[in-house]
2 protein chains.
Amino acid sequence: MSTMKAERVTRMSAEDRRELVLQAGTRAFAHGGYHGTSTDAVAREAGVSQPYVVRIFGTKLDLFLEVFERAVGRIKAAFEDVLEERSFDPDSEDDKARMGLAYTELLRDHDFLQVMMHGFSNGDVPEIAGAARRCMGDVFATIQRTGWDDEKVRDFVAYGMLLNVMISMRAPEHLEPGDPLTTLATCAFGDGLEVLQSPA
Amino acid sequence: MSTMKAERVTRMSAEDRRELVLQAGTRAFAHGGYHGTSTDAVAREAGVSQPYVVRIFGTKLDLFLEVFERAVGRIKAAFEDVLEERSFDPDSEDDKARMGLAYTELLRDHDFLQVMMHGFSNGDVPEIAGAARRCMGDVFATIQRTGWDDEKVRDFVAYGMLLNVMISMRAPEHLEPGDPLTTLATCAFGDGLEVLQSPA
DNA sequence: ACCTTAAGTAATCGACTGATAACATGTCAA
DNA sequence: TTGACATGTTATCAGTCGATTACTTAAGGT
């Protein structure tokens with residue numbers, strides 16, 4: 001029995017479709033990384049055919065680079081929001097907490113963080129490594145706008161990297177009492193652990 | 001003209017060959033990660049045929065897991081050496097520096113660090129994610145033996161993750177004056193930058 | 001010298017991947 | 001209404017991958 005519906009297939013503007021595929025790509029690449037995700041996986045996630053995603057972006061590499069830079073842009077924007085919503089005091093513990101919270105909020109939908117992580121750890125693809133360096137520099141420069149000295153900024157970024165790694169290895173979903181990893185997780189995520197489990 | 005040498009082909013014990021392939025696997029996986037490295041690439045690096053590496057380890061996954069756990073074991077061992085070579089004072093800045101130096105020494109041959117990083121960022125393969133959690137817990141527990149409080153241990157580990165990421169994106173080879181990434185690199189690696197460029 | 005065991009390879013397979021080409025159809029201005 | 005263009009798909013390809021099978025030959029005890 002084949003489908004009876006002579007379904008009216010409506011089309012999308014190239015711009016909208018591109019955006020949709022970029023979002024699908026973010027989800028897909030977040031899981032498998034660059035090498036571990038096929039263009040077909042992205043296509044299925046987006047609900048289009050595989051050749052079409054290749055045609056939109058040219059190559060898989062170009063698609064990944066765009067997904068990656070958007071993800072990092074999104075993360076940078078979260079910090080910029082904190083810096084711009086009111087004056088930032090470099091010596092205020094409270095303002096530092098606001099900065100940390102901005103990152104914690106990103107944990108809720110961690111696709112961006114994982115895409116960023118995958119970009120950072122793909123040094124064998126020169127174009128990705130280059131983009132990673134540029135983006136990491138951007139993020140560092142953004143955090144520098146807090147007025148903190150370089151060491152404090154460095155520590156903040158380092159802390160973020162730890163959270164990324166913990167997310168990557170699915171630590172929050174595997175907390176067992178007595179496990180040293182659980183100690184690390186609770187002391188790394190802090191209140192963020194609850195955020196991770198809250199609805200939306 | 002075919003080769004005249006009826007070359008005497010000598011064989012190796014399975015144990016030795018296994019060790020050799022593990023070392024080759026470490027180099028290969030350090031570059032491409034799990035998904036980005038073929039068993040054939042490992043075989044070529046080891047100078048044996050591709051089916052043979054598969055036969056030694058069963059599957060590519062088993063090979064990677066073994067390479068990964070060895071790498072993390074090596075890193076753990078570096079910390080244990082510091083803890084055991086003489087009594088460790090939790091409050092000594094000097095002893096903390098010794099701990100940091102142990103990691104910096106590992107930068108010299110960073111294959112182990114990169115393999116560790118690749119394991120940490122491959123959360124989509126359940127077996128790898130599981131091994132990553134266990135190994136991260138092990139490392140954390142090892143650092144805890146310093147007597148530091150959990151926050152200090154956490155910060156130490158976080159700092160290590162930053163170094164891993166910087167190595168991964170080839171930051172030390174791409175330092176350009178004026179680039180914010182250069183600021184981050186100099187302030188993250190410190191004296192380690194010289195170590196990275198020293199001969200052996 | 002022989003023969004069993006173990007080290008190692010060549011040949012090959014089915015599945016998958018990224019990309020290309022050819023084709024189909026919705027959309028919209030004239 | 002029509003025709004040109006933009007949005008999409010189906011079919012297909014050459015290359016790569018992990019794995020299996022069958023074969024080869026060095027090593028070593030008797």
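Between chain B and chain A, the count of salt bridges is zero in this predicted model. Polar contacts are nonetheless part of the picture, with eight residue pairs joined in this way between chain B and chain A, both partners having pLDDT 80 or more. On the side of chain B that touches chain A, the residues divide by class into 21 nonpolar, 12 polar and seven charged.

The extent of this meeting of chains can be described next. The size of an interface is often given as the accessible area lost when the parts come together. Here, the area buried between chain B and chain A is about 3400 Å², and carbon and sulfur atoms give 74% of that area. The contact draws 40 residues from chain A and 40 residues from chain B. Within chain B, the residues that lose the most area to chain A are Arg133(B), Arg154(B) and Met169(B); together these three account for 19% of what the chain B side buries.

Several helices of chain B take part. At least two residues each are supplied to the side that touches chain A by α1 (14-32), α6 (111-120), α7 (126-144), α8 (150-168) and α9 (180-189) of chain B. Of these, α8(B) provides the largest share, with 12 residues.

Turning to the cysteines, a search of the whole structure finds zero disulfides over all chains. Cys135(A) is in no disulfide, and the nearest cysteine sulfur, which belongs to Cys187(B), is 20 Å away. With a relative accessible area of 5%, Cys135(A) is buried. Cys187(A) is likewise in no disulfide; for Cys187(A), the nearest cysteine sulfur is that of Cys135(B), 19 Å away. Cys187(A) also counts as buried, because its relative accessibility of 14% falls under the 20% cut-off.

A closer look at one loop of chain A completes the description. Thr146(A) lies in the loop between α7 (126-144) and α8 (150-168) of chain A. Although placed in a loop, Thr146(A) is buried, with a relative accessible area of 2%. The side chain of Thr146(A) reaches the backbone nitrogen of Trp148(A) at 3.2 Å. Beyond its neighbours within four places in sequence, Thr146(A) is in contact with Leu83(A), Phe88(A), Pro90(A) and Met99(A). This loop residue thus brings together a polar approach to Trp148(A) and contacts with residues from elsewhere in the sequence of chain A.

Note on methods:
Residues are numbered from 1 along each chain as its sequence is written. Chains are lettered from A and ligands numbered from 1 in the order in which they are written. This is a predicted model: local features need pLDDT of at least 70, side-chain atom pairs count only at pLDDT 80 or more; totals for chains, interfaces and linings use all residues. Side-chain values use heavy atoms; hydrogens and water are left out. A disulfide is a pair of cysteine sulfur atoms within 2.5 Å. Buried means under 20% relative accessible area, exposed over 50%, partly exposed in between (1.4 Å probe, protein chains only). Contact means heavy atoms within 4.5 Å. Buried area is the accessible area (1.4 Å probe) that two parts lose on being put together, summed over both. A salt bridge is a side-chain nitrogen of Lys or Arg within 4 Å of a carboxyl oxygen of Asp or Glu. A polar contact is a pair of N or O atoms within 3.5 Å; within protein, one must be able to donate a hydrogen and the other to accept it, and residues adjacent in sequence count only if both atoms are side-chain atoms. Helices (H or I, at least four residues) and strands (E, at least two) are DSSP runs, numbered from the N terminus. Ala, Val, Leu, Ile, Met, Phe, Trp, Tyr, Cys and Pro count as nonpolar, Asp, Glu, Lys and Arg as charged, and the others, Gly among them, as polar.
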